[in-house]
Amino acid sequence: MLIMIAGTETTVHAIGTLLVHLMAHPLQRALITERTVPLEDALEESLRLQPPVSSVPLRFAVRDFTDPGTGEAFTRGETIGIHTAATGLDPQVHDDPQAFDVRRPTLRRHLAFGNGPPFCPGALLARREVLTAVAQWLTAFPASRLAVEPGQLRLVPSFISKGFRVNPVHLRFHAAWRAA
Ligand code: HEM
């Protein structure tokens, strides 16, 4: 059950979100389709900007401590929710963090697959799945584009899972497919 749940919605969102980013940024998409930048970099940038898992809940303080960054104090046993998505948006690490930039030098500095002992055991498989699906999409539908403005896309209602509910697109089939 854990593998099914942990490995399904996450990967679906990773595929959908990367496609949205590429369709919403035609110049960035061209860098990928012209092979100036590898698709792997676009995936890491997409995971940085909008990771499918945005928070990891159910952590507990094992001792009293004060977070040096914020000064916030926690007592032993207190529950902690960590917003891992924030690491990818840290302006001290990433220039213009809200921009989707497949050539960003810091695009691998994110916690999309967690950190420490519960680091996602499916990370390699997930990356392979997303790259396969998105590469196939870009080949099959080279002129595909979003059917709505990116700002109109709605996220799933969750503080853990982050992805779009529906990605409406115009496919515009590849000429070779129409002929087949
Ligand atoms: C893009 C896709 C994926 C993302 C973004 C993702 C993200 C994560 C994150 C952030 C965690 C750590 C949660 C925590 O710290 O509590 C995690 C754990 C986990 N993931 Fe993934 N995951 C993905 C795909 C997969 C796949 C494909 C599988 C299995 C086939 C999988 C199986 C698991 C399992 C079993 C855990 C729990 C590990 C543990 O607690 O030791 N995930 N994942």
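Me: Rings of Phe, Tyr and Trp (its six-membered ring) count as a pair if their centres lie within 6.5 Å, and the pair is stacked when the planes are under 30 degrees apart, edge-to-face when they are over 60, and tilted for the rest. How many aromatic pairs does a search of the whole structure find?
Reply: This is a predicted model, in which local features need pLDDT of at least 70 and side-chain atom pairs count only at pLDDT 80 or more, while totals for chains, interfaces and linings use all residues. Residues are numbered from 1 along each chain as its sequence is written, and side-chain values use heavy atoms, with hydrogens and water left out. Across the whole structure, the number of aromatic pairs found is three.

Me: How is the pair of rings of Phe-65 and Phe-74 classed?
Reply: A pair of aromatic rings is described by the distance of the centres and the angle of the planes. For Phe-65 and Phe-74 the centres are 5.0 Å apart and the planes stand at 15°, so the pair is stacked.

Me: Which residue forms an aromatic pair with Phe-113, and is the partner buried or partly exposed?
Reply: Phe-113 belongs to a tilted pair, with 6.4 Å from centre to centre and 55° between the planes, and its partner is Phe-119. Buried means under 20% relative accessible area, exposed over 50%, and partly exposed in between (1.4 Å probe, protein chains only). Phe-113, at 14%, counts as buried, whereas Phe-119, at 40%, is partly exposed.

Me: Which residue is the only protein donor of the iron atom of the ligand, and where does it lie?
Reply: Donors are N, O and S atoms within 2.8 Å of the metal (3.2 Å for Na, K and Ca), and sites may look incomplete since water is not among the atoms. The only protein donor of the iron is the SG atom of Cys-120, at 2.3 Å. Helices (H or I, at least four residues) and strands (E, at least two) are DSSP runs numbered from the N terminus, and Cys-120 lies in the loop between β4 (79–82) and α4 (123–140).

Me: How far does α4 reach from its first C-alpha to its last?
Reply: The expected span of a helix is 1.5 Å times one less than its number of residues. With 18 residues, α4 comes close to the expected 26 Å, since its reach is 26 Å.

Me: How many salt bridges are counted?
Reply: Side chains of opposite charge can pair when their charged atoms come close. A salt bridge here is a side-chain nitrogen of Lys or Arg within 4 Å of a carboxyl oxygen of Asp or Glu, and by this rule the count is four.

Me: How many residues apart in sequence are the parts tied together by Asp-41 and Arg-108?
Reply: The side chains of Asp-41 and Arg-108 meet in a salt bridge of 2.9 Å, N to O. Asp-41 lies in helix α3 (residues 39–49) and Arg-108 in the loop between β4 and α4, so the pair ties together parts whose separation in sequence is 67 residues.

Me: Which residues are linked with Glu-45 in a network of salt bridges?
Reply: Glu-45 pairs with Arg-48, their closest N and O atoms being 2.8 Å apart, and both lie in helix α3, three residues apart, or about one turn of the helix. Glu-45 also pairs with Arg-104 at 3.0 Å, and this second pair links distant parts of the chain, 59 residues apart, with Arg-104 in the loop between β4 and α4. Glu-45 is buried at 0%, as are Arg-48 at 0% and Arg-104 at 6%. The residues in the network with Glu-45 are thus Arg-48 and Arg-104.
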